[in-house]
Amino acid sequence: MNATEISIAVLILVSGFLSMAAGIGILRFPDVLTRLHAGTKPQVLGLAVVLAAMVVREPVWGVLTSVIVIMTFQLLTQPMAAHMIARSAYRTDHVRHDMLLVDELARDLAERERD
Amino acid sequence: MTFLQVAGVIAGLMFAIGAVAALVRIIKGPSILDRTLATDVLLAIAICALAAEMAINGHLDTLPVLLVLALFGVVGSIAIARFMARQDAA
């Protein structure tokens, strides 16, 4: 039981905890926009941590480049998907306006309609 | 059971809880956007579980599967979000 094995085990446990947090968050949050927070942020971090565990386990150049490619594509695509889901939710009235404190998009849209 | 295998079992349990929660949201979710988001989360948990299994058992056999899932798994979410109209609220 050396430092490598302990670090791999800790990284995998952290990733498991973050994925469980993402799942429970998406179940308990009340609105589409808040569920977006829960569904993207802990998830991407959990993926980064478990890919780091893979690199620690087999420190080979092939694994490192594959992991970098996977992480780059996830970092590019997850915010894009979240942004499009949020836009679609706002435009089709799936947002609960009683839970919002500030709604700048409504103000901007109203200003644009006045012009 | 070594420490790594015990950690693997506990992490697997946590992945399973997250996946079942996403599945409940897919069934319950009052709109199609909730279901899209939960499918995305379920896919990401599957990718994490595959990578964790590779890290525990020390092989690299499913690395191409990981790559393809990470690249193309998000296309469905973007397509649904892009073409959702006001009438398709469910």
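**Notebook: the A–B contact and its core**

I started at a glycine. A:Gly39 has a relative accessibility of 4%, so I logged A:Gly39 as buried, the cut-off being under 20%. This is a predicted model, and I read every value below with that in mind. I placed A:Gly39 in helix α2 of chain A. Next I took a C-alpha distance. A:Gly39 and A:Ile24 are 15 residues apart along the chain, and their C-alpha atoms are separated by 9.5 Å.

**Interface**

I then turned to the contact between the chains. I found 48 residues from chain A and 49 residues from chain B taking part. The two chains bury about 4,200 Å² between them. Of that area, 77% is on carbon and sulfur atoms.

How many residue pairs are in polar contact across the interface of chain A and chain B? I got five, with both residues of each pair at pLDDT 80 or more. On the side of chain A that touches chain B, I noted the elements giving two or more residues: α1 (3–28), α2 (32–57) and α3 (61–91) of chain A. I sorted the residues of that side by type. They divide into 28 nonpolar, 14 polar and six charged.

**Salt bridges**

I counted two salt bridges over all chains. One pair crosses between chains, running from B:Asp34 in helix α2 of chain B to A:Arg35 in helix α2 of chain A. The N to O distance there is 2.6 Å. Between chain A and chain B, the count is one.

Are B:Asp34 and A:Arg35 buried or exposed? I find both buried.

I also looked up A:Arg107, which forms a salt bridge with A:Asp108. The closest N and O atoms of that pair are 3.6 Å apart. A:Asp108 has a relative accessible area of 37%, so I entered A:Asp108 as partly exposed, the class between 20% and 50%.

**Nonpolar core**

Last, I went through the largest nonpolar core. It holds 46 residues. Which of them touch the most other members? I listed A:Ile12, A:Leu51, A:Met54, A:Ile85 and B:Leu66. From chain A, α1, α2 and α3 each supply at least two residues of this core. From chain B, α1 (3–28), α2 (32–57), α3 (63–72) and α4 (75–82) each do so too. The largest share, 12 residues, comes from α2(B).

I picked A:Ile85 for a closer look. I left aside its neighbours within four places in sequence. In chain A, A:Ile85 is in contact with A:Val32 and A:Leu36. In chain B, A:Ile85 is in contact with B:Leu33, B:Thr36, B:Leu37 and B:Ala81.

Terms used: Residues are numbered from 1 along each chain as its sequence is written. Chains are lettered from A and ligands numbered from 1 in the order in which they are written. This is a predicted model: local features need pLDDT of at least 70, side-chain atom pairs count only at pLDDT 80 or more; totals for chains, interfaces and linings use all residues. Side-chain values use heavy atoms; hydrogens and water are left out. Contact means heavy atoms within 4.5 Å. Buried area is the accessible area (1.4 Å probe) that two parts lose on being put together, summed over both. A salt bridge is a side-chain nitrogen of Lys or Arg within 4 Å of a carboxyl oxygen of Asp or Glu. A polar contact is a pair of N or O atoms within 3.5 Å; within protein, one must be able to donate a hydrogen and the other to accept it, and residues adjacent in sequence count only if both atoms are side-chain atoms. Helices (H or I, at least four residues) and strands (E, at least two) are DSSP runs, numbered from the N terminus. Ala, Val, Leu, Ile, Met, Phe, Trp, Tyr, Cys and Pro count as nonpolar, Asp, Glu, Lys and Arg as charged, and the others, Gly among them, as polar. A nonpolar core is a set of buried Ala, Val, Leu, Ile, Met, Phe, Trp, Tyr and Cys residues joined through side-chain atoms within 4.5 Å. Buried means under 20% relative accessible area, exposed over 50%, partly exposed in between (1.4 Å probe, protein chains only).
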